[in-house]
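Tutor: Let's work through this one together by question and answer. Take a look first, then ask away.

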Amino acid sequence: MLSPIAELDNAGPEIARLGWRSLALWREVAEALRADGCNAPLFEQHGSLMLAHGADLGAARRVLARLDTAPTLAAELPAPQPLDRAALAALEPALAPGLHAWLLPGEAQVMSRDMLNALAVHAPNVHWCWGERVERVEAGVLQVAGEGPVRFDLAIDVRGVGARVSREPNEATSVRPEPVERLSASGAEGQRPAQPERISSHSTEKIRGVRGEVIWLHAPGVTLQRPVRLLHPRHRVYIVPRPGDLFVVGASEVESEDRSPVSLRSAVELMAAAQSVLPELAEARIVHMEANLRPALPDNEPRTHSEPGLLRINGLFRHGWLLAPALVEDALTQVDVASRAPADPHPNPLPPAGEGAPCHRTAHAAEGPSLPRPSGERAGVRGTPEQTPESHQNP
Ligand SMILES: Cc1cc2nc3c(=O)[nH]c(=O)nc-3n(C[C@H](O)[C@H](O)[C@H](O)COP(=O)(O)OP(=O)(O)OC[C@H]3O[C@@H](n4cnc5c(N)ncnc54)[C@H](O)[C@@H]3O)c2cc1C
């Protein structure tokens, strides 16, 4: 779900602003992929609905009041629009009668799995290396498991919870020139004064995983035009319609890094809540359940860290899909700033990629588009985007 308005219940106004910007960027990304020959639906924007049963109206009103506490946003984001019974029935006839409802105009969804595949397949001049474990990322250097360090112009660390690596003994004293780190969501200022920073104190050391569980249902004949979210005193439950008569029901939020299968309690609560708003789901078939981790920092806000040769983005928590395009756009600006910082007085002595490095790590700009390679095509390259061990399939 791309829900910048509804997520104001869990996040600050800057997340909403970044998310709102990202909606337009996702639309552009989807249009560019379509123009490039990708026919799968990747992005849908029909608004979303917030729903509440009569008995939960008090809880729903508290959520709506929280959404209203960001008056400065009012000019930038549309407000939730209350719908009466007839308006709701006209928009979504399959929903249970008697629900209280609010339309969140402009909210959207991205088909996450298809979008990731399309981005991988249509990325020009990218040489993918699937299924390899990167043990350390430093300015201009990647350390891949079982191999020596390799130098690159820019190392980008987006490993989520996997970025929380154990510290090297000598790392505690290493310093880098003029890092640029800011709370990405602040959207402004945030550059630190020109002080060297201990790289080991980077905030990704405090990254934690927050477990989330989702259920995929197959329900031919059940129609829902847009994502719906049930406002409930105890759960946050949403149903997202997907192509092929699929519905994604999510998501739990558990302070745990347990990646084991979906628990009975989560499954029962999510599905019972979903069926209470969409009664026709009773005969749906459960086709898939999954649990994954949201990478979060102590304040649950995203961070972008940039210094010459290094970019880290982490802490996207509940909002990775919502924020990714705007965060990347901002990060590229930071990279530009950082690349103009004074040169490292102690340049890295390692060979650059392509000089003594395994050739498959080199960026082959002259080779033209490179598609994900099938499993086993060559040593060290395993799997497709869908097969990578921790690939997320968020709604
Ligand atoms: C159930 C659930 C539902 C969600 N729903 C939504 C939603 O509706 N909307 C939304 O905006 N967000 C949603 N999120 C949050 C979103 O999925 C995250 O914010 C997002 O995945 C974070 O992206 P990331 O790339 O920073 O980290 P991740 O998605 O965790 O990706 C990190 C990647 O790095 C790889 N990696 C890790 N360690 C290493 C290593 N050592 N070497 C090489 N690779 C490594 C992992 O395999 C993984 O592919 C949901 C999350 C969950 C769990």
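Student: Over how many bridges do E13 and strand E17 (residues 285–296) pair?
Tutor: First, the names: helices (H or I, at least four residues) and strands (E, at least two) are DSSP runs numbered from the N terminus. Two strands pair if DSSP finds at least two bridges between them. One facing couple here is Ile 215 and Met 289 in E17. E13 and E17 run antiparallel, and the bridge count for them is 11.

Student: Before I go on, what kind of model is this?
Tutor: Residue numbers start from 1 along each chain, following the sequence as written. Local features need pLDDT of at least 70 and side-chain atom pairs count only at pLDDT 80 or more, while totals for chains, interfaces and linings use all residues, because this model is predicted.

Student: How many residues of strand E13 (residues 208–218) are buried?
Tutor: Buried means that 20 or more other C-beta atoms lie within 10 Å of a residue's own; exposed means 12 or fewer, partly exposed is in between, and the C-beta atoms are placed from the backbone. By that test E13 is mostly covered. Out of its 11 residues, the buried ones number eight.

Student: Which residue in E16 does Trp 216 stand opposite?
Tutor: E13 also runs antiparallel to strand E16 (residues 246–250), with five bridges joining them. Ile 215 has Val 249 as its bridge partner in E16. Trp 216, in turn, stands opposite Val 248.

Student: Is E16 enclosed or open?
Tutor: Count the buried residues: four of the five in E16 qualify. So, with respect to the rest of the structure, E16 is largely enclosed.

Student: Which residue in the turn of the E15 and E16 hairpin has a positive phi?
Tutor: E15 and E16 pair antiparallel over five bridges, and one partnership there links Arg 242 with Leu 246 in E16. The hairpin leaves three residues between the two strands. The one with a positive phi, about 80 degrees, is Gly 244.

Student: Why do the buried residues of H5 lie on the same side?
Tutor: The residues in question are Ser 266, Leu 270, Ala 273, Ala 274 and Val 277. The arc is taken from the directions that run from the helix axis to the C-beta atoms. They sit on the same side of H5 because they cover an arc of only 100 degrees.

Student: Which strands do the buried residues of H5 pack against?
Tutor: On the other side of H5, Leu 264, Arg 265, Val 268 and Ala 272 are exposed. Contact here means C-beta atoms, placed from the backbone, within 7 Å. The buried residues pack against strand E2 (48–52), E13, strand E14 (228–231), strand E15 (236–242) and E16.

Student: How far does helix H2 (residues 57–68) reach from its first C-alpha to its last?
Tutor: The expected span is 1.5 Å times one less than the number of residues. H2 has 12 residues, and its reach is close to what is expected. That reach is 16 Å.

Student: What arc do the buried residues of H2 cover?
Tutor: Ala 60, Val 63 and Leu 67 are the buried residues of H2. They end up on the same side of H2 because their arc around the axis is narrow enough, only 60 degrees. Opposite them, Gly 58, Arg 62, Ala 65 and Arg 66 are exposed. So the arc that puts the buried ones on the same side is 60 degrees.

Student: Which strands do those buried residues of H2 pack against?
Tutor: Ala 60, Val 63 and Leu 67 are the ones to follow. Their packing partners are E2, strand E4 (100–104) and E14.

Student: Which helix gives the largest share of the largest nonpolar core?
Tutor: A nonpolar core is a set of buried Ala, Val, Leu, Ile, Met, Phe, Trp, Tyr and Cys residues joined through C-beta atoms within 7 Å. The largest one has 80 residues, and those with the most contacts inside it are Leu 51, Ile 239, Phe 247 and Val 249. Its largest share, nine residues, comes from helix H1.

Student: What percentage of the protein chain do buried residues make up?
Tutor: The chain has six helices and 19 strands. Of its 395 residues, the buried share is 37%.

Technical notes: Contact = placed C-beta atoms within 7 Å.
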